[in-house]
Amino acid sequence: MIDQKYAESAWEQAAALLAIDSPSGFAGRAAAWVKNAFEALGFPAEITAKGGVLACLGGEGEGLLLEAHADTLGGMVSRIKADGRLTLTPVGGMRAENGEAENVTVYARDGRTVSGTFQLCNASVHVNGGYGDAKRDYAGMEVVLDENVTSAEETRKLGIEVGDYVCFDPRTRRTASGYLKSRFLDDKLSVGILLGFAQYLSDHAITPARKVYVHVTVYEEVGHGGSASVPAGVTEAISVDMGCVGEGLGCTERQVSICAKDSGGPYSYEVVGKLIAAAKKTEADYAVDVYPYYGSDVEATLRAGYDLRHGLIGPGVYASHGYERSHMDGVYNTLKVLCGYLEV
């Protein structure tokens with residue numbers, strides 16, 4: 001049985017990755033970090049042409065691809081306003097109302113960074129009598145820069161232009177009771193889990209009975225992360241992503257979720273059955289759920305035309321695409337299922 005210390009390692013890796021801003025299309029630093037992390041454990045890894053990371057965990061024969069994603073939600077400057085403030089367009093499913101009053105960092109293309117806050121326009125309650133009724137959307141919200149700017153020209157002198165990325169503070173926390181709180185646990189927590197699994201294999205000199213690859217993608221949040229870079233011989237692919245927690249679903253933050261169906265349709269009946277069997281074998285606390293509004297990397301893989309069986313697991317995550325929360329038990333239970341599935 002895999003030791004719980006590998007859940008601790010998984011969280012340490014996830015927390016380090018959460019500190020690296022990486023909205024879809026702006027994940028180069030995160031990908032380089034992930035590549036180095038796999039190589040430090042003794043596994044060959046490469047950056048794909050698309051910018052993701054492909055690592056090999058060893059083994060021979062029929063291939064299994066484990067997919068997770070290092071890209072997150074974020075924003076992009078769509079307009080520099082006359083007063084020097086910024087209008088944003090979302091990257092992925094970043095909700096404007098959820099980001100209200102969050103600290104942000106603007107990345108200029110010349111390498112400079114500028115901090116700011118994403119606020120409702122006219123955000124002072126003592127001035128704005130309609131504050132409570134104002135619609136929270138990208139048209140009615142703005143980035144207020146932490147610089148003395150009062151015009152578009154002054155903002156441009158800071159190096160900021162349309163098309164620059166705006167990254168939201170993850171506010172990563174771990175509580176004494178084991179809860180994990182941060183923006184973008186989806187899906188950096190699962191990247192940490194795959195690194196914890198790789199460390200387990202490395203520490204015990206375990207060679208899987210089948211060929212195992214990891215693909216950490218960088219465009220999942222915009223729908224095409226897993227649509228490329230599937231090695232020859234792979235017949236199964238499993239997304240290790242967040243498990244949904246919410247009304248009408250069975251999973252909690254302390255469990256591993258096994259998805260039977262989501263917005264893209266049902267997952268492979270065979271793979272789902274094997275995942276359930278792996279959970280039972282390892283005594284992992286699990287739930288099988290149907291996600292009403294969800295899509296995964298492995299579905300992008302199928303839509304790209306690859307012929308393989310697919311599945312989806314992950315630690316339960318509450319408040320998805322917001323300020324998310326999971327638990328160390330969910331991390332550990334996900335590791336158990338991975339070990340049971342691969343019989344290691």
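User: What makes the largest pocket a pocket, and what is its volume?

Analyst: This is a predicted model, and in it the largest pocket has a volume of about 490 Å³. A pocket is an open set of grid points, whereas a cavity is a set from which a 1.4 Å probe cannot get out. The idea behind the search is friendly enough: rolling a probe the size of a water molecule over the atoms shows where empty space is left.

User: How do you know which residues line the largest pocket, and which lie nearest its centre?

Analyst: A lining residue has an atom within 4 Å of a point. The lining of the largest pocket has 27 residues, and Cys244, Tyr293, Tyr294, Gly295 and Ser320 lie nearest the centre. Strand E14 (243-245) and helix H6 (297-303) each supply at least two lining residues. H6 gives the most, with four residues.

User: What is the chemical make-up of that lining of the largest pocket?

Analyst: The lining of the largest pocket divides into ten nonpolar, nine polar and eight charged residues.

User: How many cavities of 30 Å³ or more are there, and what lines the largest cavity?

Analyst: The count comes to three cavities of 30 Å³ or more. The largest cavity holds about 50 Å³ of space. Its lining includes Leu18, Ile20, Cys167, Phe168 and Phe184. In that lining, eight residues are nonpolar, two polar and two charged.

User: And what about the second largest cavity: which residues line it?

Analyst: The second largest cavity has about 40 Å³ of space. Leu73, Arg183, Phe184, Asp186, Glu221, His321, Gly322 and Glu324 line it. They divide into two nonpolar, two polar and four charged. Arg183, Asp186, Glu221 and Glu324 are the charged ones, because Asp, Glu, Lys and Arg count as charged.

User: Why is the pair of Tyr6 and Tyr200 called edge-to-face?

Analyst: Six aromatic pairs turn up in a search of the whole structure. For Tyr6 and Tyr200, the ring centres are 5.4 Å apart and the planes are at 75°. Centres within 6.5 Å make a pair and planes over 60 degrees apart count as edge-to-face, so this pair is edge-to-face. Tyr6 is in helix H1 (residues 5-18) and Tyr200 in helix H4 (residues 185-203), 194 residues apart. Tyr6 and Tyr200 are both buried.

User: Then why is the pair of Phe26 and Tyr165 called stacked?

Analyst: Their rings are 4.8 Å centre to centre, with 15° between the planes. Planes under 30 degrees apart count as stacked, so the label fits. Phe26 lies in the loop between H1 and helix H2 (28-40) and Tyr165 in strand E9 (residues 165-168), so the pair ties together parts that are 139 residues apart in sequence. Phe26 and Tyr165 also belong to one aromatic cluster with Tyr107.

User: Are Phe26 and Tyr165 buried or partly exposed, and how do you know?

Analyst: The cut-off for buried is under 20% relative accessible area. Tyr165 has 13% relative accessibility, so Tyr165 counts as buried. Phe26 has a relative accessible area of 26%, so Phe26 is partly exposed.

User: What makes Arg171 sit over the ring of Tyr323?

Analyst: The charged end of Arg171 is 4.1 Å from the centre of the Tyr323 ring, and the distance limit for a charge over a ring is 6 Å. Arg325 likewise lies over the face of Tyr179, at 3.9 Å from the ring centre.

User: What is notable about the backbone of Arg171 and Ala319?

Analyst: Most residues other than glycine have a negative phi, and most peptide bonds are trans. Arg171, in the loop between E9 and strand E10 (173-174), has a positive phi of about 55°. Ala319, in the loop between strand E18 (309-318) and strand E19 (324-327), has a positive phi of about 65°. At 29% relative accessibility, Ala319 counts as partly exposed, and Arg171 is partly exposed with a relative accessible area of 29%.

User: Where is there a cis peptide bond?

Analyst: The bond from Asp186 to Asp187 is cis, with omega near 10°. Asp187 is placed in helix H4.

Conventions: Residues are numbered from 1 along each chain as its sequence is written. This is a predicted model: local features need pLDDT of at least 70, side-chain atom pairs count only at pLDDT 80 or more; totals for chains, interfaces and linings use all residues. Side-chain values use heavy atoms; hydrogens and water are left out. Buried means under 20% relative accessible area, exposed over 50%, partly exposed in between (1.4 Å probe, protein chains only). A charge sits over a ring if NZ of Lys or CZ of Arg is within 6 Å of the ring centre and within 35 degrees of the ring normal. On a 1 Å grid over the protein atoms alone, a cavity is a set of points where a 1.4 Å probe fits but cannot get out, and a pocket is an open set with protein on both sides within 12 Å along at least five of seven lines; lining residues have an atom within 4 Å of a point. Grid points are joined across faces, edges and corners, and a volume is the space filled by probe spheres set on the points.
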